[in-house]
Each structure stands twice: as C-alpha cells, then as structure tokens.
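Trainee: I am new to this structure and would like a close look at a single part of it. Could you walk me through the charged pairs and then what surrounds them?

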Amino acid sequence: SKSPSLKEVFLDLASVFQPPERLSVSDAAAKYRHLNNPGAYIGPWLNETVPYMAEPMDTIAERGKSALVFVGPAQSAKTDALILNGIAYTVKVDPMDAIIYCPTLSSARDFSSRRIDRLHRHSREIGAMLLPDKDADNKFDKHYRTGIILSISWPSIAELAGRPIGRVWLTDYDRMPDDIDG
C-alpha cells in the first residue's frame, strides 16, 4: 500500500487539533449518523422520528449530570439514540474513552459486529475516525484518531474493576446479574 504524503500527514494531524464542535448529542446524531436498515429505513438519523429521545440523548453530555438511567419498552430506539448516537458524539464532538457493557461475552461480540461495525461502515465520518492500523479495530476495542478507545465488554470482576473511562454504557441491564463475582 502507498505511504501517505507529507501533506496528508499534516492535514490528518491538524484535524486532531481543531477545536471541538459545539453540538448537542442529538445535533451530532443528525449531522454524522447514517442508518442502513434494509426493509425499514435507510438514510440520515432524524430526531423527528423519535422526538422523545432528544432530551435523554442531550442529557449524556450535560456537565451537571453524572449519570443517566433510561428505562423504556423494547424496540423504542433506546440503543440507537443513547448508545450509538452517544458514541457518534464521543468520537466526533467530545472525545473521551468509553465502554459498553453487554450482558455476556457473546452478546458483546454480537453488539460489536452488528451495531458498532455497522455504525462505522454506514456513518462514514465516524468510521473515518478509526485508526487505519488493523490492530486498532478488533471485536472488543476500537481505537480512534483522537487517541480515544471504545471498549465493548461484559460484566465480570476483572472487566468492571478500576478503569479510567469517561463514558460508560450498559445495554440490556435487566439481563445482567445483580451480583458480579461477589
């Protein structure tokens, strides 16, 4: 493969030093998120489709809040709005390490393939933020140009212990055990 030119290296480096955009999570989703759900909907994220999710999405980035708990019915856009749009916001607007906990190792692997990899593939500006090194994009860790790491994990004593991670999401919390190895 061809090595990047000096100009390409400088342009790529310069993009890292750009000041952050001042966007809410819902605005970042509208700007950067593209859905590809054949048979359902293919196109940009539209906040108007699920207007009840705009406020919870924007709460993710509120400085005065340290947590958000959202309980809702199945198939109500919770995962897309809060986790995937939260990742889009984290990658493009407010970079910080993040982790998603799924109930089991197999569900974490599935979430990575079915949700995160598709997010990168169909939302091109988000996917373009992945480091080009093949080791930087594996099933359980995604490394981005801004230096952040997105981890996809499952609850175990080792996986939950002392990590300096700015954003933590739990998906399908009701399917996780209340007691993790004591």
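**A closer look at the salt bridges**

Mentor: Let us begin with a small group: Asp117, Lys139 and Lys142 are joined to one another in a network of salt bridges. Please keep in mind that this is a predicted model. In general, side chains of opposite charge can pair when their charged atoms come close.

Take one contact in that network. The side chains of aspartate 117 and lysine 139 form a salt bridge with an N to O distance of 2.8 Å. This pair links distant parts of the chain, as aspartate 117 belongs to helix 5 and lysine 139 to the loop between helix 6 and strand 4, 22 residues apart. Are the two partners buried or exposed? Aspartate 117 has a relative accessible area of 16%, and because buried means under 20%, aspartate 117 counts as buried. Lysine 139, at 31%, is partly exposed.

The loop that holds lysine 139 also contains proline 132, between helix 6 (124–127) and strand 4 (141–143). Proline 132 is exposed, with a relative accessible area of 69%. If you would like a sense of scale, the C-alpha atoms of proline 132 and alanine 161 are 29 Å apart, and these residues are separated by 29 residues along the chain.

Now follow helix 5, the home of aspartate 117, to another helix. The axes of helix 4 (residues 78–92) and helix 5 (residues 105–122) come within 10 Å and cross at roughly 60°. The two helices are therefore oblique to each other, and their crossing is right-handed.

Helix 4 brings us to another charged pair. Aspartate 80 and arginine 33 meet through their side chains in a salt bridge, at 2.7 Å from N to O. Aspartate 80 lies in helix 4 and arginine 33 in the loop between helix 2 (25–32) and strand 1 (34–37), so this pair ties together parts that are 47 residues apart in sequence. Arginine 33 is buried, with a relative accessible area of 6%.

Just before leaving this region, have a look at alanine 77, which sits in the loop between helix 3 (54–59) and helix 4. Most residues other than glycine have a negative phi. Alanine 77, however, has a positive phi near 80°. Its relative accessible area is 21%, so alanine 77 is partly exposed.

Next comes the pair of aspartate 94 and arginine 167, a salt bridge whose closest N and O atoms are 2.8 Å apart. Here too distant parts of the chain are linked: aspartate 94 is in the loop between helix 4 and strand 3 (98–101), while arginine 167 is in strand 6 (residues 167–170), 73 residues apart. Aspartate 94 is partly exposed at 25% relative accessibility, whereas arginine 167 is buried at 8%.

In the segment after strand 6 you will find aspartate 172. This residue has a positive phi near 55° and is not a glycine. Aspartate 172 is partly exposed, with a relative accessible area of 41%.

To put these pairs in context, the structure holds 9 salt bridges, and the pairs of aspartate 80 with arginine 33 and aspartate 94 with arginine 167 are among them.

For contrast, finish with a nonpolar spot. Leu6, Val9 and Phe10 form a nonpolar patch on the surface, and together they have about 310 Å² of accessible area. Phenylalanine 10 is in helix 1 (residues 6–16) and is exposed, with a relative accessible area of 51%.

Conventions:
Residues are numbered from 1 along each chain as its sequence is written. This is a predicted model: local features need pLDDT of at least 70, side-chain atom pairs count only at pLDDT 80 or more; totals for chains, interfaces and linings use all residues. Side-chain values use heavy atoms; hydrogens and water are left out. Patches are made of residues with over 30% relative accessible area and no salt bridge: like charges are joined within 9 Å, nonpolar side chains (Val, Leu, Ile, Met, Phe, Trp, Tyr) within 5 Å. Accessible areas come from the Shrake-Rupley method with a 1.4 Å probe; for residues, only the protein chains shown count as cover. A salt bridge is a side-chain nitrogen of Lys or Arg within 4 Å of a carboxyl oxygen of Asp or Glu. Helices (H or I, at least four residues) and strands (E, at least two) are DSSP runs, numbered from the N terminus. Buried means under 20% relative accessible area, exposed over 50%, partly exposed in between (1.4 Å probe, protein chains only). Axes are lines fitted to C-alpha atoms, for helices over the stretch in contact, and angles run from 0 to 180 degrees between N-to-C directions. Angles under 35 degrees count as roughly parallel, over 145 as roughly antiparallel, 65 to 115 as roughly perpendicular and the rest as oblique. A crossing is left-handed if the near helix is turned anticlockwise from the far one by less than a right angle, and right-handed if clockwise.
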